[in-house]
Amino acid sequence: MTDDKDFLYYGDMWEALLGEDRGKSLSKIIVETTHYGKAVAAAGDFSFLEYKPKNSLIAFEAVIGQTDGQNSLYSIFPVLPGYPNRLIFNDVQAMDEDNAEGHILLSKGNAAPMWMFNPLFGQQYEKLRQNVGADKGKQRFMLAGLGWNIEKMSETIIKFEDGAYYEDLLQEFLRENPGKSKDDFPYAELDISRGSVLLSQKYVDMYEFASDIYGIEEFKYAGETFYRLVIRVLQGSEDEEERDEDDEEEENCLSVYLYVNKKELGKYVPKIGDHISGFMQLNAYIRRNYAANPSAPRLEDPIPQSFFDYITELSAGYVLFAGLSGYYLEEDILYIYLLYPIFFIYHLIKFRKEHQTK
């Protein structure tokens with residue numbers, strides 16, 4: 001790691017995920033990952049084990065090192081399945097000389113490049129090294145955030161008395177006012193009413209954000225309740241000519257799966273449409289080629305279907321079932337077709353529940 005960049009430590013990540021009393025849950029994760037995890041890759045003196053508990057949206061990776069023929073736990077951290085985005089890949093930063101862990105620098109539109117932790121860095125290092133550079137064009141990355149201090153917004157004006165955003169505005173103020181000092185600029189303000197905000201902090205993979213909630217899933221693991229929220233934290237270029245027609249989002253924004261421990265929310269229960277703010281560590285990785293590595297636990301959900309595709313597939317099966325039933329039973333099966341509207345309404349409700357979006 002270079003001196004000019006300061007990243008969050010694994011201890012900070014585990015505290016955000018499990019809380020201050022994380023010892024018992026973390027011990028369970030270490031035991032289960034090292035015992036039940038699948039070996040998904042090897043690089044140099046390291047092998048990588050991944051474990052995705054049943055019904056959990058979060059997976060875990062253990063980096064196992066070999067010293068004098070003995071295996072030992074080098075590190076362990078959560079792997080947060082991400083939301084697909086297409087970004088420019090600017091740089092790569094290993095955390096140590098073994099290239100087992102590290103971060104990547106991504107950018108989109110006119111926004112400043114963003115450092116993000118890559119939970120699959122050791123596995124993907126060679127591919128990352130070969131594909132780095134703005135000249136490669138936009139590439140698909142899976143983006144997730146590990147959140148803490150999340151709250152529903154009631155105020156639309158945020159005041160800053162420190163941090164990168166404050167320092168940028170302070171320097172601009174001093175340049176425009178040569179006779180003034182820092183004492184004349186006590187704080188900076190930002191209006192975030194219904195807006196999307198992403199502000200860098202001291203730790204370069206840590207960001208303060210504000211966003212509406214566009215989707216919610218709840219799940220449990222190790223006695224803890226978690227939420228996975230869909231948020232949008234970066235608006236792209238407003239110039240239609242600069243927009244990329246292949247981007248997943250019409251607004252050319254940055255969409256993120258935000259993972260939050262229920263304990264970080266206090267009494268607040270998130271709802272779609274709420275405007276929230278808080279802090280998160282951004283994570284990003286290249287989507288794994290599961291055809292080439294079929295034993296690896298599947299991190300991401302299948303690409304969401306449209307309702308039209310979903311009901312078309314089901315309807316085809318329904319009609320085939322009805323036809324075969326009539327053929328083999330040699331009876332009038334008109335009543336099966338008359339039940340189709342009920343079938344349609346049931347699956348419409350089911351689809352809407354499984355694809356909660358604003």
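Buried means under 20% relative accessible area, exposed means over 50%, and partly exposed is anything in between (1.4 Å probe, protein chains only). Keep that handy for the close-ups below.

This is a predicted model, where local features need pLDDT of at least 70 and side-chain atom pairs count only at pLDDT 80 or more, while totals for chains, interfaces and linings use all residues. Residues are numbered from 1 along each chain as its sequence is written, and side-chain values use heavy atoms, with hydrogens and water left out.

**View 1. Tryptophan 148 and phenylalanine 279 make a stacked pair.** A search through the whole structure turns up 13 aromatic pairs. To pair, rings of Phe, Tyr and Trp (its six-membered ring) need centres within 6.5 Å; planes under 30 degrees apart count as stacked, over 60 as edge-to-face and the rest as tilted. One pair, tyrosine 36 with tyrosine 51, is saved for View 2. Here the rings sit 6.5 Å centre to centre, with 15° between the planes. Both tryptophan 148 and phenylalanine 279 are buried.

**View 2. Tyrosine 36 meets tyrosine 51 at a tilt.** Centre to centre it's 6.3 Å, and the planes are 40° apart. Tyrosine 36 belongs to helix H2 (residues 23-36) and tyrosine 51 to strand E2 (residues 46-51), so this pair ties together parts 15 residues apart in sequence. (Helices, H or I with at least four residues, and strands, E with at least two, are DSSP runs numbered from the N terminus.) Is tyrosine 36 buried or exposed? It counts as exposed, because its relative accessibility is 58%. Tyrosine 51, at 15%, is buried.

**View 3. Helix H1 has several buried residues.** H1 covers residues 10-18, and its buried residues are Tyr10, Met13, Trp14, Ala16, Leu17 and Leu18. Tyr10 also joins Phe77 and Phe117 in a cluster linked by ring pairs. Right after H1 comes glycine 19, with a positive phi near 95°.

**View 4. Glycine 109 sits in a loop.** Which strands does the loop lie between? They are strand E6 (102-107) and strand E7 (114-118). Glycine 109 is partly exposed, at 47% relative accessible area. Isoleucine 88 is 21 residues away from glycine 109 in sequence, but the C-alpha to C-alpha distance is 8.9 Å.

**View 5. Aspartate 168 lies in helix H4 (residues 164-176).** With 53% relative accessibility, aspartate 168 counts as exposed.
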